[in-house]
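Colleague: Could you take me through this structure, please? I would like to ask about its parts as we go.

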Amino acid sequence: GAAAAGVIPMTAEMEAQISENSATIVKKMSMLYGNFGFDVDSMKKVDEIIDRNRRTWIREGVAERQMGMFGSYLGEAIISEFGGRWADNYGVEIEEGFKVWPFIKVGKRIQNGIDEGSVASFFDVLSSKLEEFRDYEE
């Protein structure tokens, strides 16, 4: 059927691009930092990179591109850690009724810097938020 107005359906091509973006981030960040993966310590390094470069990215007009790259990485990390899948509108649906928005999170951090909660804490508190959701659902 036709997609609802304002809905961006997730496609296999988009998922492939997200996966490629994420792999690029892991590769580049590994070259910078050595050990880098889908964990909270790695996320802290993402926050550092964003905070150090965000004004330049905004000034140079590449903030959206960086949001795409680091948002892909964050979403893939979430799926790796908690399960789930990419969903419409670039969300990650961990369980039915429980969605997170990695691109929005990264975009806000790029726009607002340390005034916006860190990517690392966003990732870190997901497990307790997920537990609360599961308890509530039972």
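**Strands, then helices**

Modeller: To begin with one pair of residues in this predicted model, glutamate 95 stands opposite phenylalanine 98 in β3.

Colleague: In which sense do β2 and β3 pair, and over how many bridges?

Modeller: β2 and β3 are antiparallel, and 3 bridges connect them. Their hairpin has 2 residues between the strands, and glycine 97 takes a positive phi there, near 90 degrees.

Colleague: And how many bridges join β1 to β2?

Modeller: Strand β1, residues 85–87, is joined to β2 by 3 bridges, and these two strands run antiparallel. Tryptophan 86, for instance, has valine 92 in β2 as its bridge partner.

Colleague: Which residue takes a positive phi in the hairpin of β1 and β2?

Modeller: That residue is asparagine 89, with a phi near 60 degrees. This hairpin has 3 residues between its strands.

Colleague: How many residues of β2 are buried?

Modeller: In β2, 4 of the 5 residues are buried, so the strand is mostly covered. Glutamate 93 is found in this strand.

Colleague: Is glutamate 93 buried or exposed?

Modeller: Glutamate 93 has a relative accessible area of 16%. Buried means under 20%, so glutamate 93 counts as buried.

Colleague: What does the side chain of glutamate 93 make a polar contact with?

Modeller: The partner is the side chain of arginine 85, at 2.8 Å. Leaving aside residues up to four places away in sequence, glutamate 93 touches Gly84, Arg85, Ala87, Phe98 and Lys99.

Colleague: Let us change to the helices. How far apart are the end C-alpha atoms of α2?

Modeller: They are 29 Å apart. Helix α2 covers residues 40–60, and its 21 residues should span 30 Å at 1.5 Å a residue, which agrees.

Colleague: Where does α2 bend?

Modeller: The bend is at asparagine 53 and amounts to about 55 degrees.

Colleague: What caps the N-terminal end of α2?

Modeller: Aspartate 39 does, with a side-chain oxygen 3.1 Å from the backbone nitrogen of aspartate 41. Just after the helix, glycine 61 takes a positive phi of about 75 degrees.

Colleague: Which residues of α2 are buried, and what do they pack against?

Modeller: The buried residues are Ser42, Met43, Val46, Asp47, Ile49, Ile50, Arg54 and Trp57. They pack against four helices: α1 (12–33), α3 (63–82), α4 (102–112) and α5 (119–124).

Colleague: Is arginine 55 buried or exposed?

Modeller: Arginine 55, which also lies in α2, counts as exposed because its relative accessibility is 57%. Isoleucine 110 is 55 residues away from arginine 55 in sequence, yet their C-alpha atoms are 8.0 Å apart in space.

Colleague: One last helix, then. How many residues has α6, and which of them are buried?

Modeller: Helix α6 (residues 126–137) has 12 residues and reaches 16 Å from its first C-alpha to its last, close to the 16 Å expected. Its buried residues are Leu126, Leu130 and Phe133. Viewed down the axis of α6, these buried residues fall within an arc of 60 degrees, so they line one face of the helix.

Colleague: Why might residues with such spacing point the same way?

Modeller: An α-helix has 3.6 residues a turn, so residues three or four places apart point the same way.

Colleague: What covers the buried residues of α6, and which exposed residues does the face turned away carry?

Modeller: The cover includes α3, β2 (91–95), β3 (98–100) and α5. The face turned away from the buried side carries Glu131, Glu132, Asp135 and Tyr136, which are exposed.

Conventions: Residues are numbered from 1 along each chain as its sequence is written. This is a predicted model: local features need pLDDT of at least 70, side-chain atom pairs count only at pLDDT 80 or more; totals for chains, interfaces and linings use all residues. Side-chain values use heavy atoms; hydrogens and water are left out. The expected span of a helix is 1.5 Å times one less than its number of residues. The bend at a residue is the angle between axes fitted to the seven residues ending there and the seven starting there. Buried means under 20% relative accessible area, exposed over 50%, partly exposed in between (1.4 Å probe, protein chains only). Contact means heavy atoms within 4.5 Å. A polar contact is a pair of N or O atoms within 3.5 Å; within protein, one must be able to donate a hydrogen and the other to accept it, and residues adjacent in sequence count only if both atoms are side-chain atoms. The arc is that of the directions from the helix axis to the C-beta atoms. Two strands pair if DSSP finds at least two bridges between them.
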